[in-house]
Amino acid sequence: MSRLILELLLQATGQTLEMVLASGLIAVAGGLPLAVLMVLTGPSGLCRMPLLARILGLMIDAVRAVPFIILLVLLIPVTRLIAGTALGTTAAIVPLSIAAIPYFARIAEVSLREVDPGLVDAVRAMGGTRWMVVRYVLLPESLPSLISGFTVTLVTLVGASAMAGVIGAGGLGDLAIRYGYQRFNTPVMLGVVAVLIVLVTGLQGVGNLLSRRLRHGATTHAA
């Protein structure tokens with residue numbers, strides 16, 4: 001593999017990591033509050049508002065139902081409005097984030113609903129407010145599962161960021177299309193695939209390690 005290809009791979013990998021990490025953090029910032037709101041307003045929540053919970057669920061599922069490649073095209077006007085352009089790494093963060101927020105929200109909702117209701121009842125019986133339940137029960141108890149869900153979200157974003165290369169978003173997908181597919185450069189294609197495998201494996205490994213440590217720490221503390 002030539003030095004030029006290595007340099008291109010390093011640059012594209014940096015762009016992919018930038019897109020994935022930025023959109024992943026935005027997904028947590030937007031998706032976790034949505035998940036908490038859906039749990040609290042759900043049929044068994046502490047602030048039951050079934051209509052609001054249903055509307056939120058429908059909106060989240062509607063975004064999730066749109067294939068990402070179509071969402072990329074649909075959001076071009078929004079991307080231009082926010083980023084000033086529809087091309088490049090920074091612009092790609094907009095559709096990636098919009099796609100990732102509802103995705104992580106559903107994962108986080110499942111994690112929050114898995115918390116033992118007895119813990120919630122105990123805090124409420126001691127006079128704890130809804131905020132205290134969220135702050136000291138729901139979030140800490142579901143943290144290992146939330147970390148696992150965040151890892152899955154990041155892995156999904158790696159694939160989505162590669163797909164964003166179709167519209168010139170930069171990163172490994174753009175490199176594979178412009179330098180690999182269009183120029184029939186097999187080494188570039190193989191290099192991109194190898195880097196993507198390493199990225200996904202690394203992210204999954206780190207996420208699994210953090211989740212296991214948190215679970216082990218919680219078990220030790222409980223004992």
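Me: Before we get to pockets, which residues count as nonpolar, charged or polar here?
Reply: Ala, Val, Leu, Ile, Met, Phe, Trp, Tyr, Cys and Pro count as nonpolar, Asp, Glu, Lys and Arg as charged, and the others, Gly among them, as polar. Keep in mind that this is a predicted model.

Me: OK, so how do the residues lining the second largest pocket divide?
Reply: Nine are nonpolar, two are polar and two are charged.

Me: And what volume does that pocket have?
Reply: The second largest pocket comes to about 290 Å³. It has 13 lining residues, and the closest to its centre are Val 39, Ser 44, Gly 45, Pro 117 and Val 120.

Me: Which elements give two or more residues to that lining?
Reply: Helices H1 (3–41), H5 (89–113), H6 (117–125) and H7 (130–163) do. The largest share comes from H6, with three residues.

Me: Switching topic: how many cavities of 30 Å³ or more turn up?
Reply: One, from a search of the whole structure. The largest cavity holds about 40 Å³ of space.

Me: What lines the largest cavity?
Reply: Leu 72, Ile 76, Thr 79, Ala 86, Ala 91, Ala 92, Pro 95 and Ile 167. By type, that lining has seven nonpolar residues, one polar and no charged.

Me: Which helices supply at least two of those?
Reply: Helix H4 (76–83) and H5. H5 gives the most to the cavity lining, with three residues.

Me: Now the largest nonpolar core. Which members touch the most others?
Reply: Leu 9, Leu 96, Leu 138, Leu 172, Leu 175 and Val 192, out of 43 residues in that core. The elements giving two or more residues to this core are H1, helix H3 (68–74), H5, H6, H7, helix H8 (171–181) and helix H9 (186–222).

Me: Which of them gives the most?
Reply: H1, with twelve residues.

Me: Last thing, the annotation. Where does UniProt put "transmembrane region"?
Reply: The unreviewed UniProt entry has that annotation on residues 20–40, 52–76, 82–105, 145–168 and 188–210.

Me: How much helix is there over residues 20–40?
Reply: The chain is 100% helix and 0% strand there, and the end C-alpha atoms are 29 Å apart.

Me: And what about residues 52–76?
Reply: That span is 88% helix and 0% strand, with its end C-alpha atoms 29 Å apart.

Methods
Residues numbered from 1 in each chain as written. Predicted model: local features only at pLDDT ≥ 70, side-chain atom pairs only at ≥ 80, totals over all residues. Heavy atoms only, no water. UniProt positions renumbered as here; feature names shortened; annotations may be inferred. Helix = DSSP H or I, 4+ residues; strand = E, 2+ residues; numbered from the N terminus. 1 Å grid on protein atoms, 1.4 Å probe; cavity = no way out; pocket = protein on both sides within 12 Å on 5 of 7 lines; lining within 4 Å. Points joined across faces, edges and corners; volume = space filled by probe spheres on them. Core = buried A, V, L, I, M, F, W, Y, C linked by side-chain atoms within 4.5 Å. Buried < 20%, exposed > 50% of the residue type's maximum accessible area, 1.4 Å probe, protein only.
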